[in-house]
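Colleague: I've got this one open on my screen and would like to go through it with you. Can we take it piece by piece?

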Amino acid sequence: MKRFLYIMLAAVMMLGAVSCGNGAKDNEAKDVAKEKEETPLPTTLSNTYYRLTEDKELNVAYLGGSITQGGNASEPAKRWVSLTTQWLRENFPDAEINENNAGLSNTGSNYGIFRLQHDIFDIAVPDLIFIEFTSNDWGRFGDLNISRQNESIIRKLYEVNPKIDIMFLYTSFGHDSPCRRASTALAEHYGLVVVDPGSQLKTLIDTEEGGVYDRYSNDKIHPTDEGHAFYVELIAEQFQKYLIDEKPEKAQYLDAEVPAPLNENGLFMNPEILDPLDFELPEENFEYKKRNVNMLNRTYEYAISTDVAEAEFDFTFEGTGFGLLVNKTDRVSDIQYSVDGGEFKDYAIGDMHGYNHGQMYIIEYDLEPGEHEVTIRNKESQFGTQLHIIGICVNR
């Protein structure tokens, strides 16, 4: 009898323990649900709204090419950048708006990766940034590499400031191109705001009667004053929507929910431009030449130079990708290159030869991590044999 009572008592205790355990789990689940319910989610441009209304200070940066720099605007005040900053100042008069115009003519997202430190972060870590490269992300780089370049910029921005708001500005005329396809996929993946004056202007130009090009762009690329103003009308629509009409119920300042990379490989998350003087020259055909190439906040003083076809230059680097920053002249050559003793591949750098400034070419994106030996062979182009390497660019 006693044995029976002990067994019954033990069973009751076990049932009680199970019941308590299930209750604890239920309460834990309810607490998680409640916490999730109470935790605010970031909304579109909510961190910009917080900085404007609570901190009353906003660092806004503009990273792009000649259109961002202000191409064809009759004066600085009529650039889309200046007009956008002006809108923010007029609509949030109590906030201090700090503008950083990092527009640099004839540069794309490939060089943009390497400009982030000097031209953006060293000036001020931005709260809001516009990225404008669709006019300069050339189709010959292909959708994949253009995507890698822009995603490297996006993820580096989030790495430095997890609360940053990012907006894409499409300036290229036309409705479909490699840069537009790549940028659109990234914007959808990361939930970025897109403003597309280029496509809308193309539609407007195609549907209006003659003479319309002169109103918005007299070279089919760079906007006139009226074109710059058109850009800002579309930007203001987004600002009006997210900062005024649909502003958060209360100011929020939250880390962005950054998804896994869209590109698994080939991102340049540790970009560095190495000085030519750090490399040993071949015994013949190459020399150091003084160049003094100014590119916004950075000056490249020397180049590894040759004017001899078939001349070869070797260097080693540690990392997963590399490129060359070349000082273009009207006699610029092409190149061939070999990695780790492999076969030589052709690579054209003789395009846009009339621009006497630096131009970036990322040549390899996705090498195995480690040390690599690269051979650059100068190759005569239709323009000439001049090669001036002002920077060797690597991804550590």
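**Loops, helices and confidence**

Modeller: Sure. Let's start with Asn-72, which is partly exposed, its relative accessible area being 37%. Keep in mind that this is a predicted model.

Colleague: What is the phi of Asn-72, and in which loop does Asn-72 lie?

Modeller: Most residues other than glycine have a negative phi. Asn-72 is not a glycine, yet its phi is positive. You'll find Asn-72 in the loop between helix H3 (66–69) and helix H4 (80–91). The phi there is about 75°.

Colleague: And Asn-106, is that buried or exposed?

Modeller: Asn-106 is another non-glycine residue with a positive phi, near 60°. Look for Asn-106 in the loop between strand S2 (96–103) and H5. Its relative accessible area is 7%, and the cut-off for buried is under 20%, so Asn-106 counts as buried.

Colleague: On to H5, then. On which residue is the kink in H5 centred?

Modeller: Helix H5 covers residues 109–121, and 11 of its 13 residues are buried. Among the buried ones are Tyr-111, Phe-114, Arg-115 and Leu-116. The kink is about 65°, and its centre is Arg-115.

Colleague: How do H6 and H7 meet, and at what angle do their axes cross?

Modeller: Two packed helices are described by the angle between their axes and the distance between the axes. For H6 (residues 142–160) and H7 (residues 178–190), the axes come within 8 Å. H6 contributes residues including Ile-146, Asn-150, Ile-154 and Tyr-158, while H7 brings in, among them, Cys-179, Ala-182, Leu-186 and Tyr-190. The crossing is right-handed, and the angle is roughly 40°.

Colleague: Now Asn-327. Which side chain does the side chain of Asn-327 join in a polar contact?

Modeller: Asn-327 lies in strand S10, which runs over residues 321–327. With 3% relative accessibility, Asn-327 is buried. Its side chain makes a polar contact of 2.8 Å, and the partner is Arg-291.

Colleague: One last thing before I zoom in anywhere else. Over which residues is the pLDDT below 50 or under 50?

Modeller: The chain averages a pLDDT of 88, with 86% of the residues scoring at least 70. One stretch below 50 has zero contacts in the model beyond near neighbours in sequence. Another stays under 50 and has zero contacts beyond four places in sequence. Those two are residues 1–21 and residues 32–36.

Notes:
Residues are numbered from 1 along each chain as its sequence is written. This is a predicted model: local features need pLDDT of at least 70, side-chain atom pairs count only at pLDDT 80 or more; totals for chains, interfaces and linings use all residues. Side-chain values use heavy atoms; hydrogens and water are left out. pLDDT is the predictor's confidence in each residue, from 0 to 100. Contact means heavy atoms within 4.5 Å. Helices (H or I, at least four residues) and strands (E, at least two) are DSSP runs, numbered from the N terminus. Buried means under 20% relative accessible area, exposed over 50%, partly exposed in between (1.4 Å probe, protein chains only). A polar contact is a pair of N or O atoms within 3.5 Å; within protein, one must be able to donate a hydrogen and the other to accept it, and residues adjacent in sequence count only if both atoms are side-chain atoms. The bend at a residue is the angle between axes fitted to the seven residues ending there and the seven starting there. Axes are lines fitted to C-alpha atoms, for helices over the stretch in contact, and angles run from 0 to 180 degrees between N-to-C directions. A crossing is left-handed if the near helix is turned anticlockwise from the far one by less than a right angle, and right-handed if clockwise.
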